[in-house]
Amino acid sequence: MSSITHMVTFTLYDGKDTPEAEAFLKESANALAAIPGVENFQVLRQVSAKNEFDYSFSMVFANQAAYDAYNDHPVHRKYVEERWEKEVSRFQEIDLIQHGDLS
């Protein structure tokens, strides 16, 4: 199986383009990108009026095992409990592999 692109798009309780939002994005990137197995971590800002979310995180994992290890990693679990669940008002996750590599 090929690599997995994991994306989560979200809105913060603190709003968009606020000092609190900027701090959240920076601190999240520092914590999550350092977890083993995370590749090409990106923080993205929504610019389309067609989308109801403000920001996205995107990252790549070499395979399902790397993705599972990330989800179970203590830093990720702590981050979700202490930051994500308290500061993110709404979100949607999507996990993708390149079409044609579905075997």
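In the predicted model, Tyr79 touches Phe24, Ser28, Leu32, Phe57 and Trp84, when residues up to four places away in sequence are not counted. Tyr79 is found in helix α3 and has a relative accessible area of 8%, which lies under the 20% cut-off, so this residue is classed as buried. The contact with Ser28 links parts of the chain that are 51 residues apart in sequence, the C-alpha atoms of Tyr79 and Ser28 being separated by 8.0 Å.

Helix α3 itself has 14 residues, and the distance from its first C-alpha to its last is 19 Å, close to the 20 Å expected at 1.5 Å a residue. A kink of about 40 degrees is nevertheless present in α3, and this kink is centred on Val80. Besides Tyr79, the residues His76 and Trp84 of α3 are buried, and the elements that cover the buried residues of this helix include β1, α1, β3, α2 and β4.

The strands of the model are arranged in an open sheet, in which four strands follow the order β2-β3-β1-β4 with antiparallel pairing. Because β2 (39–45) and β4 (88–96) each have a single partner strand, they stand at the edges, and one side of each is left without a neighbour in the sheet. Neighbouring strands are turned against each other by 15 degrees on average, when direction is ignored. Between β2 and β3, which run antiparallel, there are five bridges; within this region, Leu44 has Ser56 of β3 as its bridge partner.

Two helices can be described in relation to these strands. Helix α1 lies across β1, β2, β3 and β4, and runs at about 5 degrees to β3. Helix α3 also packs on the sheet, where it touches β1, β3 and β4, and its direction makes about 120 degrees with that of β4.

In soluble globular proteins, nonpolar side chains tend to be buried together. The largest nonpolar core of the model comprises 22 residues, of which Phe10, Phe24, Phe57, Tyr70 and Trp84 touch the most other members. At least two residues of this core are supplied by each of β1 (4–12), α1 (19–33), β3 (55–61), α2 (64–72) and α3 (74–87), and α1 gives the most, with five residues. Three of the core residues named above, Phe24, Phe57 and Trp84, are also among the residues that Tyr79 touches.

Notes: Residues are numbered from 1 along each chain as its sequence is written. This is a predicted model: local features need pLDDT of at least 70, side-chain atom pairs count only at pLDDT 80 or more; totals for chains, interfaces and linings use all residues. Side-chain values use heavy atoms; hydrogens and water are left out. A nonpolar core is a set of buried Ala, Val, Leu, Ile, Met, Phe, Trp, Tyr and Cys residues joined through side-chain atoms within 4.5 Å. Buried means under 20% relative accessible area, exposed over 50%, partly exposed in between (1.4 Å probe, protein chains only). Two strands pair if DSSP finds at least two bridges between them. Axes are lines fitted to C-alpha atoms, for helices over the stretch in contact, and angles run from 0 to 180 degrees between N-to-C directions. Contact means heavy atoms within 4.5 Å. The expected span of a helix is 1.5 Å times one less than its number of residues. The bend at a residue is the angle between axes fitted to the seven residues ending there and the seven starting there.
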